[in-house]
Amino acid sequence: MGISSTCFIPLLFLSLIAGCAARPLYPLPSKLNIHKQPLQTSRPYNLAHRGSNGEFPEETAAAYMRAIEEGADFIETDILASKDGVLICHHDVFLDNTTNIADHKEFADRKRTYMVQGVNTTGFFVVDFTLEELKTLRAKQRYSFRDQQYNGKFPIITFEEYISIALDAQRVVGIYPEMKNPVFINQHVKWVDGKKFEDKFVDTLKKYGYKGAYMSKEWLKQPIFIQSFAPTSLVYISNKTDSPKIFLIDDVDILTEDTNQSYSEITSDAYLNYIKEYCVGIGPWKDTVVPVANNYSQTPTDLVARAHALDLQVHPYTYRNEHQFLHFNFLQDPYREYDYWINKIGVDGLFTDFPGSLHNYQELTSPVSKDNRASKLLHKIAVLISSNGKV
C-alpha cells in the first residue's frame, strides 16, 4: 500500500510548515481505483468539527489531515466565498479571530462594518479579499488556551482543496460542508453567470462526484452531509442534489438568519415534520438539548426523542475536551461526556474538536474491542498456566 497514513501525514505537516509556493499543495483527488476501508456505519458518527482544531488551527489542511489520521468518520467545514467568487473554508465571515490579518499592514484600509445576522459587525471580511490575497494570510488558533505553536504556519484552503484531502485519504472519509451565512454571501458576492452561492456550492460537489441519498451505493462511496442554519438554502438545493442534508439549530435566543424564526418555532413538531421532507436530520447546539445551569447539565429536553420519532438523525455540536467546556457532571472527563450523549441521550453523531478522543472512546467501548481484550486476557492466562507446568 506504500507509506502508511501515520507516517505520511506528519511528513506532509512538515512540508506544509516549510511552505511550498512553487507548486500546488493539493493535487486533484486520486483517479486510482483502489479498494478503501469503508465508512463505519454501526455507531454514532465521529464528526471532526473544523478538523482536529483542538490541536491545529481550525479549517486548515493540517487540522483535516490530523482528524483523518485520528479516525474521524467525517471532516466538517464551513464554506464562504471570496471577493472573486472562489469558495473557501473559513468559519467566520470576518478574518480577525483566526488569521494574522492584523499583521498585514497592506490591508489596513480594508476594515469594514457590515450587518451580519442583524448585528453591526466591524472587521476584515472575506468578501473584500480575492483568493490570491486570502492565500497570503496564515491561520491561528481561536482559543488562547490551546497550542499556539502552529500559528502562522498554514494558509486558508479552498472548498476544492478540502474535498481533495478527503478523497485522497487511504480509507473512505466523509465530508460535512456547511453553506455558511448564505444571506450575507449572496448580498456581497456576485457571480458573472448569475448563479447564487448555493448553486456554486452544489456545482462543486457535483464536479467531484458527490451524489446519492443517505446509505445509497453512491453515498457510501463518497459520504457527505450538507448542513446549514438557513432552511431556505436547504430547501433551495433539494431540487439540485439528493445528498443528505442536516438542518442546524442555534441557541434558544437566536433567530434563523433567513426566515427570522425562533428556536421554539423550528423545534416544534410541526416544523420538524416540514423539514424532514428536505433533511435527514438536525444539528442542534448541545446545551439546548440538555440545558445547563451553573455549569451543571440539567434534565434533557425531548428534542432527540421527537426527532427520532420522525426518523430524523440528531448530530449535536460541539464537544470539547477542555475544562472550560466540560460541565461539572462529567468530572472534567470527556469520555464521561461522550458516554452520556451516546448511551443516555442516544445521538447519531457528535461534532467534536478532538476526534482522536472520541475515536479512542468508541474503540475502547466497542463490543469488538471488549471481546478482543477478553480474548487477550484468556490467552495470557493460558500462557501463564502452561509456563508453570501441566494442570
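Does asparagine 260 count as buried or exposed, and at what relative accessibility? In this predicted model, asparagine 260 counts as exposed, because its relative accessibility is 53% and the cut-off for that class is over 50%. The residue sits in the loop that links β8 (245-249) to α9 (263-266). Its backbone also deserves a look: asparagine 260 is not a glycine, yet its phi is positive, at about 55 degrees.

A wider view helps to place such details. The chain has 391 residues, and 51% of them count as buried. Its secondary structure consists of 15 helices and 13 strands. Among contacts with a separation of 6 or more, 69% join residues that are 24 or more positions apart. The surface that the chain exposes comes to about 18,400 Å², and carbon and sulfur atoms supply 55% of that area.

Turning to the interior, the largest nonpolar core holds 96 residues, and Ile75 and Trp341 have the most contacts inside it. The helix that gives the most to this core is α4 (residues 159-167), with 6 residues. A second core, separate from this one, has 5 residues, including Phe56, Ala62, Ala63 and Phe154. The surroundings of tryptophan 341 can be followed residue by residue. Leaving aside residues up to four places away in sequence, tryptophan 341 touches Lys286, Val289, Val290, Pro316, Tyr319, Phe330, Gly346, Val347 and Leu350.

Helix α6 (residues 197-207) offers an example of a mostly covered element, with 8 of its 11 residues buried. The buried set is made up of Phe197, Glu198, Asp199, Lys200, Phe201, Val202, Thr204 and Leu205. After α6 comes glycine 209, which has a positive phi near 85 degrees.

Helix packing can be followed in one pair. Two packed helices are described by the angle between their axes and the distance between the axes. For α13 (residues 334-345) and α14 (residues 355-365), the angle is about 65 degrees and the axes lie 10 Å apart. The two helices are therefore roughly perpendicular to each other, and α13 passes α14 in a right-handed crossing. On the α13 side, the residues that meet α14 are Pro334, Tyr335, Tyr338, Asp339, Ile342 and Asn343. Their partners in α14 are Ser357, Leu358, Asn360, Tyr361, Gln362 and Leu364.

Where, then, does threonine 318 lie? Threonine 318 is found in the loop between β12 (313-314) and α13. The peptide bond that leads from tyrosine 317 to threonine 318 is cis, and its omega is near -10 degrees. Threonine 318 counts as buried because its relative accessibility is 4%, against a cut-off of under 20%. Apart from residues up to four places away in sequence, threonine 318 touches His49, Trp285, Lys286, Phe351 and Asp353. Lys286 is also listed among the residues that tryptophan 341 touches.

A further loop residue completes the account. Arginine 50 lies in the loop between β1 (45-48) and α2 (61-69). Phi of arginine 50 is positive, near 60 degrees, in a residue other than glycine. With a relative accessibility of 8%, arginine 50 counts as buried, whereas asparagine 260, at 53%, counts as exposed.

Key. Residues numbered from 1 in each chain as written. Predicted model: local features only at pLDDT ≥ 70, side-chain atom pairs only at ≥ 80, totals over all residues. Heavy atoms only, no water. Helix = DSSP H or I, 4+ residues; strand = E, 2+ residues; numbered from the N terminus. Buried < 20%, exposed > 50% of the residue type's maximum accessible area, 1.4 Å probe, protein only. Contact = heavy atoms within 4.5 Å. Areas by Shrake-Rupley, 256 points an atom, 1.4 Å probe, with all protein chains shown as cover. Core = buried A, V, L, I, M, F, W, Y, C linked by side-chain atoms within 4.5 Å. Axes fitted to C-alpha atoms, helices over the stretch in contact; angles between N-to-C directions. Parallel < 35°, antiparallel > 145°, perpendicular 65-115°, else oblique. Left-handed = near helix turned anticlockwise from the far one by under 90°.
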